[in-house]
Amino acid sequence: MTKKVLITGGAGFIGLNTMKYMNREAPNQYEFYVFDNLHPQVHKDGSFVNNLPNNATFLSGNVEKSDNWDTIFKCVTPDIIIHLAAETGTGQSLTEASRHGRVNVVGTTELLDALHRHTIQPEHIILASSRAVYGDGEWKDQDECVHAVSTRDHSMLENAQWDYRDNKGRSMVPLASRADRTSPSPTNIYAATKLAQEHICRAWCTAFEIPLSVLRFQNVYGPGQALDNSYTGIIALFSKLSYEGKSIDVYEDGLIDRDFVYVLDVSQAILKAIQSPPRDAQRVLDIGSGSSVTVLEVAEKLSNIAHSPKPVISG
């Protein structure tokens, strides 16, 4: 029998690519229900409908509205839930905190309340979280001591002190964040709401004995990403600027490390998570390429591909 999979925010590029990947790798095993509000910041038109696979049903609505959830669960009793729906603008969240809180936090609690109202216990919930929950992570000093940092203050930025220093004023180097080692420490509203999602889902799933996989995505890019949405990620933004023949403005010193992961690798991770539910009821996994690259390197590569002006480090 096919399993019913509810994908919140499923009309986005991760959801669409994941459905296509799952159909290709596990044909006739899944039936999809896509719940999305088609936010105009992401969806300029309705062309996404043409990209839906034949075994997908589109359900329009907002995750923060309880009556919308009631409508959804009258249509489908899902075996698996992939919770992708979220407001993702890091900088935008500082001035639209309520919007991010309503969608990311309240939207998640409304999902869980609706599951309880309709006495639905899915086999597995997969929550799409973010590398952003780590904040600036951990840094190592010259004596090999590891320090957990909070966030850079305005004086550091005004003095172009992009990296952290130890209490002796010596420069430190950042360490790669890992779910089994690095304590989350969000530095923006978006990241705080994603960590709140994790805590809410972990508490609820523990109480109702439902397996939970929290997947902390690194910087995802790939086909179908909204190039007109400046908050969708720098790969999309830099690509758009490059192909318009513009020079890319690279912040700070350009040496910010990031892990960029291709969307089909993320799709594979989601399918693997579904096929192998957590043994201990819950797990938190980092989903990335496993290697880092500087923002400047990305800007230079995209500029070279598009034959556009060289990037400018603006500080």
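1. Start with W162, which sits in the loop between α4 (154-158) and β8. This is a predicted model, so take what follows as a reading of that model. The Trp is buried, at a relative accessible area of 14%. Leaving out residues up to four places away in sequence, W162 touches R152, L157, E252, D253 and G315. The G315 contact is a long reach along the chain: W162 and G315 are 153 residues apart in sequence, yet their C-alpha atoms are 9.5 Å apart in space.

2. One of those partners, E252, deserves its own look. E252 belongs to the loop between β11 (249-250) and β12 (257-258), and its phi is near 55°, a positive value in a residue other than glycine. Most residues other than glycine have a negative phi. Is E252 buried or exposed? With a relative accessibility of 15%, E252 counts as buried. So if you go through the backbone angles, here is a Glu with positive phi that is also buried and is touched by W162.

3. Set E209 beside it. Phi of E209 is likewise near 55°, again a positive value in a residue that isn't glycine. Its place is the loop between α5 (189-208) and β9 (212-217). The surroundings are another matter: E209 is exposed, with a relative accessible area of 73%, whereas E252 is buried at 15%.

4. Now the small sheet. Which order do its strands take? It is an open sheet of three strands, ordered β7-β6-β8, with antiparallel pairing. β7 (146-148) and β8 (173-174) are at the edges with a single partner strand each, so each has one side without a neighbour in the sheet. β6 (residues 138-140) pairs with β7 in the antiparallel sense over three bridges. If you want a register check, K140 has V146 in β7 as its bridge partner.

5. T187 lies a little further along, in the loop between β8 and α5. T187 is partly exposed, at 33% relative accessible area. Setting aside neighbours within four places in sequence, its contacts are G135, D136, S150 and T151. For a sense of distance, take A299: it is 112 residues from T187 along the chain, and the two C-alpha atoms are separated by 24 Å.

6. On to the N-terminal strands. β1 (residues 3-8) and β2 pair in the parallel sense over six bridges, and K3 has Y30 in β2 as its bridge partner. How enclosed is β2? Six of the seven residues of this strand (residues 30-36) are buried, so β2 is largely enclosed by the rest of the structure.

7. L52 follows in the loop between β2 and β3 (56-60). L52 is buried, with a relative accessible area of 14%. Beyond its neighbours within four places in sequence, L52 is in contact with L16, M19, V34 and F58. V34 falls within the residue range of β2, and F58 within that of β3. K20 gives a C-alpha check on this region: L52 and K20 are 32 residues apart in sequence and 8.5 Å apart in space.

8. S239 is a helical case, lying in α6 (residues 234-243). The Ser is buried, with a relative accessible area of 16%. Apart from neighbours within four places in sequence, S239 is in contact with I234 and L302.

9. Finally, the whole chain. There are eight helices and 16 strands. The radius of gyration is 20 Å, close to the 20 Å that the globule rule gives for 315 residues, so the chain is as compact as a globular protein of that length. Along its principal axes the C-alpha trace spans about 60 × 45 × 35 Å. Buried residues make up 45% of the 315. Of the contacts with a separation of 6 or more, 81% are between residues 24 or more positions apart.

10. A last word on the surface and the charges. The accessible surface comes to about 15,600 Å², and carbon and sulfur atoms account for 49% of it. How far apart are the mean positions of the positive and negative charges? For the 29 positive and 37 negative charges of the chain, those mean positions are 3 Å apart.

Conventions. Residues are numbered from 1 along each chain as its sequence is written. This is a predicted model: local features need pLDDT of at least 70, side-chain atom pairs count only at pLDDT 80 or more; totals for chains, interfaces and linings use all residues. Side-chain values use heavy atoms; hydrogens and water are left out. Helices (H or I, at least four residues) and strands (E, at least two) are DSSP runs, numbered from the N terminus. The radius of gyration is taken over C-alpha atoms; the globule rule is 2.2 Å times the number of residues to the power 0.38. Buried means under 20% relative accessible area, exposed over 50%, partly exposed in between (1.4 Å probe, protein chains only). Contact means heavy atoms within 4.5 Å. Accessible areas come from the Shrake-Rupley method with a 1.4 Å probe; for residues, only the protein chains shown count as cover. Lys and Arg count as positive and Asp and Glu as negative; His and the chain ends are not counted. The place of a charge is taken as NZ of Lys, CZ of Arg, CG of Asp or CD of Glu. Two strands pair if DSSP finds at least two bridges between them.
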